[in-house]
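Trainee: Before we look at the details, could you take me through how the descriptions of this model are justified?

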Amino acid sequence: MVKVLFFATLKDKARTRQADFDLPEGTTIAQLKSMVAERYPGTDGMLGHCLASINHNYQADDGVIPSDAEVAFFPPVSGG
Amino acid sequence: MPDLLPTVVAITEDEIDLNALIAEVTLDSTGASAIFTGLVRGITTRENPHETVFLEYESYKPMAEAKMMQVANEIRSRWPAVEGIAIVQRIGRLYPRTPTVLIACTAAHRDTGVFDAARYGIDRLKEIVPVWKKEVSPTGETWIEGEYFPKPGE
């Protein structure tokens, strides 16, 4: 089971902070984005320009998600 | 030797205590500290003039603190004279005139690159540390989004 976290605008659009996904081995960030858009239609159209992390490291669309990973999707950061 | 150099990174909901942080990053050999602190600006006049009632900050805490540590390591590799580093981001609801972030770099002397090191610290924090702010103005609220897209492994 993979834990998926949402932050900022994406959290508002998904209407949740966290979700669990049962992913087949070899699932990529791009594939997970499609699944997220399907389950949370509000996020569709935003995921394209969001950042993604796997276990606290930035990942591109082709990043492969290990089992039991913590994945997060969020907009470009705006701290300071 | 590098493990004797103090590095403090934190996401906190508490008030930023400048004196306590400086004490934590000061060694007997320290003679200079460059400190940057960002504040909530109530009135913006540049570009899109507007008023801010408050900012609401949120973070992805474990990743944010890991990325702050990465920023500190990047500072050390670029400015080896830096002795102590503090990087602290306050989150929650913060009102105008309130300090929101603090970067402090200490060294033996001021001509060692400490000013540049602190500048690098805040610039880099705004690129890779997962923190976001929602701006609440008299007319509504908007999540502020950055512009930087970190590469894998960055």
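Mentor: Let us begin with Pro130(B), bearing in mind that this is a predicted model. Leaving aside residues up to four places away in sequence, Pro130(B) touches Phe7(A), Phe74(A) and Val77(A) of the other chain, together with Ser59(B), Tyr60(B), Met63(B), Ala64(B) and Lys67(B).

Trainee: Why is Pro130(B) called buried or exposed, whichever applies?

Mentor: The cut-off for a buried residue is 20 or more other C-beta atoms within 10 Å. Pro130(B) has 29 such atoms and is therefore buried. Its place is in the loop between α3 and β9 of chain B, and its C-alpha atom is separated by 8.0 Å from that of Lys67(B), although the two residues are 63 apart along the chain.

Trainee: What makes Arg90(B) buried?

Mentor: The count for Arg90(B) is 23 other C-beta atoms within 10 Å, and because 20 or more suffice, the residue is called buried. Arg90(B) lies in strand β6 of chain B and, residues up to four places away in sequence not being counted, touches Thr12(B), Glu13(B), Ile16(B), Thr100(B) and Val101(B). The C-alpha atoms of Arg90(B) and Ser59(B) are 9.5 Å apart, with their positions 31 residues apart along the chain.

Trainee: How do you know that Asp68(A) and Arg97(B) are exposed?

Mentor: A residue is exposed if 12 or fewer other C-beta atoms lie within 10 Å. Asp68(A) has 9 and is therefore exposed, and Arg97(B), with 9 as well, is exposed by that criterion too. Asp68(A) lies in the loop between β4 and β5 of chain A, whereas Arg97(B) is found in the loop between β7 and β8 of chain B.

Trainee: What is noted about phi in Asp68(A) and in Arg97(B)?

Mentor: Phi is near 65° in Asp68(A), a positive value in a residue other than glycine, and near 80° in Arg97(B), which is likewise positive and not a glycine. Most residues other than glycine have a negative phi.

Trainee: How do you know that the span of helix α3 of chain B agrees with what a helix of its number of residues should give?

Mentor: The helix has 15 residues, 114-128, and at 1.5 Å a residue it should span 21 Å; its end C-alpha atoms are 21 Å apart, so the two values agree. The buried residues of α3(B) are Val114(B), Ala117(B), Ala118(B), Gly121(B), Arg124(B), Leu125(B) and Ile128(B). Seen down the helix axis, these buried residues fall within an arc of 135°, which means that they line one face of α3(B). What covers them includes β2, α2, β6 and β8 of chain B.

Trainee: What makes up the packing of α2(B) against α3(B)?

Mentor: The two helices pack at an angle of about 145°, with their axes 10 Å apart, and their crossing is right-handed. Among the residues of the contact are Lys67(B), Met68(B) and Val71(B) of α2(B), and Tyr120(B), Gly121(B) and Arg124(B) of α3(B). The residues of this contact divide into seven nonpolar, one polar and four charged.

Trainee: Which element gives the most to the side of chain B that touches chain A?

Mentor: The contact takes 30 residues from chain B and 20 residues from chain A. The elements that give two or more residues to the chain B side are α2, β8, α3, β9 and β10, and α3(B) gives the most, with four residues. That side divides into 18 nonpolar, five polar and seven charged residues.

Definitions and conventions
Residues are numbered from 1 along each chain as its sequence is written. Chains are lettered from A and ligands numbered from 1 in the order in which they are written. This is a predicted model: local features need pLDDT of at least 70, side-chain atom pairs count only at pLDDT 80 or more; totals for chains, interfaces and linings use all residues. The expected span of a helix is 1.5 Å times one less than its number of residues. The arc is that of the directions from the helix axis to the C-beta atoms. Two residues are in contact if their C-beta atoms, placed from the backbone, lie within 7 Å. Axes are lines fitted to C-alpha atoms, for helices over the stretch in contact, and angles run from 0 to 180 degrees between N-to-C directions. A crossing is left-handed if the near helix is turned anticlockwise from the far one by less than a right angle, and right-handed if clockwise. Ala, Val, Leu, Ile, Met, Phe, Trp, Tyr, Cys and Pro count as nonpolar, Asp, Glu, Lys and Arg as charged, and the others, Gly among them, as polar.
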